[in-house]
Each structure stands twice: as structure tokens, then as C-alpha cells.
Amino acid sequence: MDLSDNLAADWIRRAPKAVLHDHLDGGLRPATIIELARDCGYTGLPTEDPAALGTWFRDAADSGSLERYLETFAHTCAVMQTRDALYRVAAECAEDLAADGVVYAEVRYAPEQHQAAGLSLDEVVDAVNEGLREGERRTGGRITVRALLTGMRHTDRSLEIAELTVAHRDRGVAGFDIAGGEIGNPPARHLPAFQHLKRHNCHFTIHAGEAVGAESVHEAVQVCGAERIGHGVRITDDIAEDGTLGHLAAYVRDNRIALEVCPTSNLQTGAAKDYASHPIDELRRLGFRITLNTDNRLVSGTTMSAEFQHMVDAFGYGPEVFEEFTVAAVEAAFLPLPERQRIIEEIVRPGYAALRSGR
């Protein structure tokens with residue numbers, strides 16, 4: 001298939017996509033932030049022009065530092081403190097993902113960051129779940145969205161959020177995550193939360209191998225028992241220049257532990273220098289289970305289609321590689337097996353077959 005820019009953009013837009021690593025508070029529409037800020041009296045925005053605000057978020061995140069990158073979320077969280085705001089943001093999230101060709105998404109957020117106006121944890125989760133269901137309805141069922149509840153590395157509420165995850169697991173919550181500043185906040189500090197999840201047969205992923213090296217991935221996998229790794233690109237620290245895998249890298253690859261790779265975000269936080277040298281291609285060629293993700297659509301100024309395009313430009317990938325990434329993502333999704341099989345066989349495979357045939 002011709003991979004010229006125009007044709008690539010067209011087939012990329014039509015390609016079925018799945019995203020496992022997308023933060024709710026990192027993907028708001030700039031216009032929505034401005035409207036919600038007016039509604040709640042928040043006066044801290046740098047600008048009230050939607051286009052300028054979108055640019056500000058991207059520029060502020062382009063620091064090369066994970067800590068600076070995370071500071072941008074103060075503005076989005078500030079306007080996500082009421083039931084109506086959470087419902088609206090969640091519904092629009094599902095709509096925006098579906099408009100980009102995403103057929104399955106897991107959207108993560110930290111309930112503890114949305115209690116400033118008095119909402120209980122359960123009220124926060126109910127509002128987001130109801131918003132996601134509304135978004136699914138607005139798209140005519142073109143997308144399935146599940147939530148991941150995130151505990152923050154720098155607070156002591158992870159066990160509480162793990163318990164919340166278990167309590168809502170049959171109402172749209174697919175699993176649990178730990179996020180936040182990685183340096184100085186090792187995942188094993190939250191071991192009671194992971195033990196609780198395991199006792200209740202509940203899924204979880206862990207941010208690791210982004211700002212800290214392979215030792216962070218080792219702790220997430222071998223001490224905490226993560227089923228997937230958020231980012232995980234620093235696993236390359238355990239891979240020799242000739243491609244020989246160390247014991248940790250081999251374990252992650254051989255046990256099909258999915259890496260939730262977010263290329264644009266990695267460039268912003270300094271985990272990678274540029275797209276052409278991003279380790280995603282090396283990891284794919286070495287046989288790792290790679291999934292392609294947005295991380296934060298507003299803050300990184302990206303979409304799944306944009307991430308696809310970056311990979312086309314950097315590595316010449318065609319539809320067959322993106323089908324591989326998409327199938328890997330659905331296979332690694334925190335969904336029951338029959339649902340994963342249905343999405344792959346009824347949506348993903350036929351969608352890519354149509355691309356290959358030129359339909």
C-alpha cells in the first residue's frame with residue numbers, strides 16, 4: 001500500500017484502534033476546560049482562548065521532565081470536581097476516541113483527585129462510569145470503554161482505591177493502576193493494594209520504566225505482580241547492544257507482559273530523544289508484546305491516529321503492523337476473553353482486511 005502522507009492519513013483514520021493507556025484528566029477538550037472553569041469559578045487558566053490553551057498545554061509539557069509534565073494536570077483536575085463535570089468529560093472522551101477510530105479504550109483516572117468539592121469516591125466513579133456509557137451511546141456503540149482507577153504513588157490511599165476498584169468491577173471498572181512521579185516512589189510501597197487486588201482476582205497495571213530504569217520494571221513485575229506495564233520503555237536497559245536480552249527483559253517478553261508504549265509522551269518526558277530512535281521498533285522486532293497509546297491527548301497534543309502517523313514516518317509501518325499492535329492491545333485488555341475475541345474477530349480483523357483490499 002502507498003504510504004505517502006495523504007494516503008497514510010486516510011487509511012490511518014479508518015484503521016480500527018485500541019488504546020489501553022489514556023488518562024481522562026489529560027485528554028479534555030480545551031473549550032470544555034474553559035467552560036467548566038467559568039462554571040466553577042476557577043481563575044487559574046493561562047488563557048481562555050481554546051486554541052491558545054491547547055497550545056499552552058503542549059508547550060508546558062515539552063519540558064523533558066516527567067515532574068514538569070505532571071504539573072499541567074493541576075488545571076484539568078481543578079475543573080473536574082463535580083458530578084456534572086466528570087460526566088461531561090467522560091462522555092466527551094468516549095466521543096473523541098470513537099471519532100478517531102478507536103473501537104476499544106481503557107481510560108484511567110485517580111478518583112482521589114476529584115474530591116475537592118465534596119464528592120465521595122463512589123460518587124466520582126459513578127459519575128465517570130455514567131459519562132462513559134453516555135459517550136458509548138452517542139457513538140452508536142462504535143466504541144467500548146472501560147475505566148481503570150488510579151492510585152497515586154506519592155499518597156497513601158492506594159489500598160483504598162484498590163478496594164474501590166473491586167467494589168465497582170462489575171459496573172464499568174476494568175482494573176487498577178499506579179501513577180504519578182516515579183522517582184522516589186517505588187511501586188512496592190503500595191504492595192498492600194496489589195495484594196488486595198490479587199486476593200480478589202482483579203486486574204492491574206503499573207506505570208514503570210518511564211523516568212526510572214529497568215529496576216522499576218523488575219519491581220512492578222516481580223514484586224508487585226503487574227499484568228501490564230505502563231510505558232516500560234526503559235526495559236531496554238536490560239537489552240545489550242547486540243539485542244541479547246537480560247533475564248528481566250526475557251521474562252517480560254516470554255511471559256507476554258504487554259508494554260503500554262506512548263511515543264509522543266516519552267519524547268516530552270525525556271524517556272526517548274525522538275521518534276526515529278524511540279525503542280518501540282527495537283522492542284517490536286525482539287518480540288515484545290507492544291501496544292501503542294496516547295497517554296494524554298490534550299497534554300501531548302496527540303491522538304491515536306497521530307501516533308500511528310509518527311510510526312509510519314519513523315519506521316515505514318504499514319497496516320499489518322498496526323493490526324499487530326491493535327490485536328495485542330485487545331488481547332491484553334482487562335476484559336473477559338469472549339469480549340476480547342468478539343472485538344478482534346468482528347471488528348479489528350475485518351477492519352484491517354478492508355484496508356488491505358482497498359475498500
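**Exercise 1.** Which residues of α7 are buried? Work from the predicted model, then say what they pack against.

*Solution.* Start with the burial list: L121, V124, V125, A127, V128, N129, G131, L132, E134, G135 and E136 of α7 are buried. Next, look at the partners. Those buried residues pack against two helices' worth of ranges, α6 (83-99) and α8 (158-167), along with the strands β2 (102-109), β3 (144-152) and β4 (173-179).

**Exercise 2.** Check the length of helix α7 (residues 121-138) against what 1.5 Å a residue predicts.

*Solution.* Helix α7 has 18 residues, so its expected span is 26 Å. Now take the end C-alpha atoms: they sit 26 Å apart, which agrees. Step just past the helix and you hit G140, with a positive phi of about 70°.

**Exercise 3.** Work out how α7 and α8 are arranged, and what their contact is made of.

*Solution.* First the geometry: the packing angle is about 50°, and the axes are 11 Å apart. That angle makes α7 oblique to α8, because it falls outside the parallel, antiparallel and perpendicular ranges. As for handedness, α7 passes α8 in a right-handed crossing. Then the residues: L121, D122 and V125 in α7 meet E160, I161 and L164 in α8. Sort them and you get 4 nonpolar, no polar and 2 charged.

**Exercise 4.** Which residues of helix α10 (residues 214-223) are buried, and what covers them?

*Solution.* The buried ones are A214, S216, V217, E219, A220 and V221. Their cover includes β5 (204-208), β6 (228-231) and α11 (247-254). Finally, just after α10, G225 takes a positive phi of about 85°.

Notes: Residues are numbered from 1 along each chain as its sequence is written. This is a predicted model: local features need pLDDT of at least 70, side-chain atom pairs count only at pLDDT 80 or more; totals for chains, interfaces and linings use all residues. Side-chain values use heavy atoms; hydrogens and water are left out. Helices (H or I, at least four residues) and strands (E, at least two) are DSSP runs, numbered from the N terminus. The expected span of a helix is 1.5 Å times one less than its number of residues. Buried means under 20% relative accessible area, exposed over 50%, partly exposed in between (1.4 Å probe, protein chains only). Contact means heavy atoms within 4.5 Å. Axes are lines fitted to C-alpha atoms, for helices over the stretch in contact, and angles run from 0 to 180 degrees between N-to-C directions. Angles under 35 degrees count as roughly parallel, over 145 as roughly antiparallel, 65 to 115 as roughly perpendicular and the rest as oblique. A crossing is left-handed if the near helix is turned anticlockwise from the far one by less than a right angle, and right-handed if clockwise. Ala, Val, Leu, Ile, Met, Phe, Trp, Tyr, Cys and Pro count as nonpolar, Asp, Glu, Lys and Arg as charged, and the others, Gly among them, as polar.
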